[in-house]
Amino acid sequence: MSNKIQAIRGMNDLLPDRSPAWQYLERQLRSLVDRYDYREIRTPIVEQTALFARSIGEATDVVEKEMYTFDDRNGESLTLRPENTAAVVRAAMEHGLLHNQTQRLWYMGPMFRYERPQKGRYRQFHQIGIEAYGMTGPDIDAEIILLSARLWRQLGMTEHVTLELNSLGTPEARAAYRDSLVAYFEAHREVLDEDSQRRLTTNPLRILDSKNPAMAEMLAGAPQLLDHLDDASRQHFEQLKSTLDAAGVGYRINPRLVRGLDYYSRTVFEWTTTALGSQGTVCGGGRYDGLVEQLGGKPTPGVGFAIGLERLMLLLDTLDLIPAEAHGGADAYLLAMGDSAERNAIGLGERLRDALPALRLQVHCGGGSFKSQIRRADRSGASVALILGDDEIEKGCLTIKPLREDGEQQTLELDDAIAWLDRQFP
């Protein structure tokens with residue numbers, strides 16, 4: 001007997017009892033981006049490996065350790081996308097969306113990273129991302145942050161998330177800061193853990209992200225990037241803060257916030273929560289003005305964010321913010337008792353769906369006794385059972401039996417039954 005084939009570790013099935021909650025979240029996200037007139041873009045899940053190596057950075061953890069990379073039959077190195085900003089830039093360049101234009105784009109779909117699966121973090125995970133191109137000012141930074149703030153209000157979780165802000169300045173300012181940071185870390189090399197010592201020569205800014213408590217005191221004394229900003233970046237950051245202040249969005253300046261990918265510049269931000277323990281980042285993004293040029297295009301400013309949907313769903317579950325109607329289930333379950341009723345039930349179901357577009361109706365199939373059909377109706381989650389027997393067919397009626405609340409069973413003429421259902425399930 002062969003072993004059963006199971007899902008790959010860290011790549012999970014979405015089962016029917018959970019899909020309504022995901023559909024609820026996706027509807028909320030789609031309605032939000034529509035309100036801001038962002039347009040959807042869909043890119044392949046597989047890209048040339050060079051796209052991510054050039055954009056994310058050869059020395060990042062994503063490229064070094066986490067990418068699903070393979071050679072195809074022609075020997076070309078391909079990678080399952082670990083993030084989607086680089087792919088969106090590639091698509092926008094390839095199809096001429098950036099030349100003398102501004103673009104407000106969004107995407108939603110699966111990403112892939114080989115890392116240790118943990119709660120809310122998987123090897124196949126899903127993101128929604130917002131990307132805006134062709135605008136240099138802090139106003140578009142503010143719009144994107146305000147869009148994310150509106151999402152938290154829409155989902156009822158504003159009081160559970162905190163906005164953290166920082167500025168990385170220009171690449172030139174960051175290079176000067178990098179030199180002073182490396183000098184500081186070299187002077188404290190004995191405190192650095194193995195991972196940080198490796199990053200000292202590859203990506204020293206990422207050492208600031210370390211959660212190692214043994215390094216906390218040393219990191220607290222490290223030079224701050226905000227002290228090394230160029231004048232234009234400092235002015236950009238001040239204008240962004242003023243816009244957020246005017247809009248009533250609170251924030252906390254986090255000088256250690258650097259984000260994990262090399263392409264960020266100037267504004268970086270995260271929305272964090274304390275409700276999920278150590279998995280505190282819910283949304284992260286910022287400005288990446290050099291990315292298009294880095295990938296071979298003309299200099300084009302860009303800014304955006306991404307939200308991991310598994311993490312967001314975990315937060316909604318933890319805070320009990322998924323509304324009852326998003327848990328799925330039928331509104332009504334149509335039973336058929338008798339030969340004539342069984343022949344007519346499917347057709348009646350279609351008539352009810354025509355008359356009541358909002359009604360979630362399940363029609364019983366497979367025969368069985370009245371008791372077994374009522375059992376199936378109850379398991380469907382329906383609020384009412386609709387009973388069609390030979391008597392109902394003869395009289396042009398339908399019997400309605402409440403399943404969840406006290407109420408009288410009633411037999412109504414079919415038009416009256418449709419009107420009753422319309423009132424109950426508008």
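**A cavity, two helices and a pocket**

In this predicted model, the largest cavity is lined by Leu29, Leu32, Val33, Ile128, Ile130, Leu147, Leu151, Phe305 and Ile307. A search of the whole structure for cavities of 30 Å³ or more finds 1, and the volume of the largest cavity is about 30 Å³. Four elements each give two or more residues to its lining, namely helix 1 (19–35), strand 6 (124–133), helix 5 and strand 11 (302–308), and helix 1 provides the largest share, with 3 residues. By residue class, the lining holds 9 nonpolar residues, no polar ones and no charged ones.

Helix 5 can be followed outward from this cavity, since Leu147 and Leu151 belong to the cavity lining and are also listed among the buried residues of helix 5. An α-helix has 3.6 residues a turn, so residues three or four places apart point the same way. The other buried residues of helix 5 are Pro138, Ile140, Asp141, Ala142, Ile144, Ile145, Ser148, Ala149, Trp152 and Leu155. Why is a span of 26 Å expected for helix 5 (residues 138–155)? The helix has 18 residues, and the expected span is 1.5 Å times one less than the number of residues, which agrees with the 26 Å that separates its end C-alpha atoms. After helix 5 comes glycine 156, which has a positive phi, near 80°.

Helix 4 (residues 85–94) offers another view of the interior. Because 7 of its 10 residues are buried, that is, under 20% relative accessible area, helix 4 is largely enclosed by the rest of the structure. The buried residues are Thr85, Ala86, Ala87, Val88, Val89, Ala91 and Ala92, and the elements that the buried residues of helix 4 pack against are strand 2 (46–48), helix 2 (49–56), strand 5 (103–112), strand 6 and helix 10 (291–294). Strand 6 thus appears both among these packing partners and among the elements that line the largest cavity. Helix 4, too, is followed by a glycine with positive phi, in this case glycine 96, with a value near 70°.

The second largest pocket has a volume of about 390 Å³. It is lined by 19 residues, of which Asn12, Leu14, Trp22, Tyr122 and Glu310 are the closest to its centre. Helix 1, strand 6 and helix 11 (309–318) each give two or more residues to this lining, and the largest share, 4 residues, comes from helix 11. The pocket lining divides into 7 nonpolar, 5 polar and 7 charged residues, whereas the lining of the largest cavity has no polar and no charged residues.

Key
Residues numbered from 1 in each chain as written. Predicted model: local features only at pLDDT ≥ 70, side-chain atom pairs only at ≥ 80, totals over all residues. Heavy atoms only, no water. Buried < 20%, exposed > 50% of the residue type's maximum accessible area, 1.4 Å probe, protein only. 1 Å grid on protein atoms, 1.4 Å probe; cavity = no way out; pocket = protein on both sides within 12 Å on 5 of 7 lines; lining within 4 Å. Points joined across faces, edges and corners; volume = space filled by probe spheres on them. Nonpolar A, V, L, I, M, F, W, Y, C, P; charged D, E, K, R; others polar. Contact = heavy atoms within 4.5 Å.
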